[in-house]
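Hello,

Here is the structure you will be working with. Please open it alongside this note.

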Amino acid sequence: MNTLRNLLKSEKLSLLQYFEEAYKLFNEMIRNDNKDMIIIMVLSLISVLFSKIQSVGLIGTLVSFATLIRIWIFYRKVVFKIEGKKYEAGDTAIVKSFILLGIAILAGFLLALLLLPYIGGIVGMALYSRRGIGVLAAIIIPIVILIAVFIVVTLFILYFIPAYMSRRGSIGETFKYNLFLCQGNRLRMFLPLVILAVIGLLIGLILGFLGTIGTIIGALISSVINIFQVIIISIIYLNVEYNTEIPSEFYFARENYKNEANKAEDESKGIEYISSLEEKKDDENN
């Protein structure tokens, strides 16, 4: 990982370089460190199979949640692996993953509440309209709205998940840090996501014609794309972080210093803080 880490620290890479390095790391992990990858693939497959059985639909939903949690924890593993840190999927990673899951469920619920009246109006228009345009609008407009909302939200949380899962900041602190990293770096992260989403969509459409077998193959391919996405997002995140002057406001992320100036500043502040505590203790004793 030293070669990759040094490359990420040297300069901001191109889109092609991100895919090349992500592919190399993906292959290396498949061969030598594939436990988490296999778990994600198995969970994805089980989730899809259960979703096909109405009597156990709830179990399929729970398995889907478990898959998301494993994917979020995988961010931590990939970032730590690149940085050469010891990785453990301990309580911190699990708690953070459940917090993310809670936020995702709440956001989905609120979005449904906001769109429900509008969708109801569109459906009503479709039912009472004598023209096909009403039916077409009922199908297309909600989809367009959902896609637009998803894109807008994504543009504001591009660096949030890898930062939250791998650094010590709270939700609020990490979100602000994510917005800081987004400045001038949105397309750097957004374009790979669009490319992978298009690839996944095309593969899903093609395999959709193959029935159950296509569904199973599609689930496995989708999980592979999700794993690759985690890897490339983690690489881009670290590349941007390594090559950005991080303000002291984001102290929790300043373990990766672009230069010694930031490090010296933090060490100086730490010494001053310890000195002030010692002086206060001496005053209390006197």
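Below are the aromatic pairs, the charges over rings and a surface patch. Keep in mind that this is a predicted model.

Aromatic pairs first. The structure holds 8 of them. In one, Phe19 and Phe228 have ring centres 6.1 Å apart and planes at 25°, so they are stacked. Phe19 belongs to helix 2 (residues 15-32) and Phe228 to helix 10 (residues 211-242), so this pair ties together parts 209 residues apart in sequence.

Phe228 also pairs with Phe26. That contact is edge-to-face, with 6.2 Å between centres and 65° between planes. Again distant parts of the chain are linked: Phe26 is in helix 2, Phe228 is in helix 10, and 202 residues separate them. Is Phe228 buried or exposed? Its relative accessible area is 11%, which is under 20%, so Phe228 is buried. Phe26 is buried too.

There is also a ring cluster. Ring pairs join Tyr177, Phe180, Phe250, Tyr251 and Phe252.

Next, charges over rings. The charged end of Lys85 sits over the Phe80 ring, 5.2 Å from its centre. Arg186 places its charged end over the ring of Phe156, at 5.1 Å from the centre.

Phe156 leads on to the surface. This residue is in helix 6 and is partly exposed, with a relative accessible area of 42%. Phe156 helps make a nonpolar surface patch of about 460 Å², together with Val149, Val152, Val153, Ile157 and Phe175. Helix 6 (residues 132-156) gives the most to this patch, with 4 residues.

Best wishes

Methods: Residues numbered from 1 in each chain as written. Predicted model: local features only at pLDDT ≥ 70, side-chain atom pairs only at ≥ 80, totals over all residues. Heavy atoms only, no water. Patch = residues over 30% accessible without salt bridge, like charges linked within 9 Å, V, L, I, M, F, W, Y side chains within 5 Å. Areas by Shrake-Rupley, 256 points an atom, 1.4 Å probe, with all protein chains shown as cover. Salt bridge = Lys/Arg side-chain N within 4 Å of Asp/Glu carboxyl O. Helix = DSSP H or I, 4+ residues; strand = E, 2+ residues; numbered from the N terminus. Buried < 20%, exposed > 50% of the residue type's maximum accessible area, 1.4 Å probe, protein only. Phe/Tyr/Trp six-rings, centres within 6.5 Å; stacked < 30°, edge-to-face > 60°. Lys NZ or Arg CZ within 6 Å of the ring centre and 35° of its normal.
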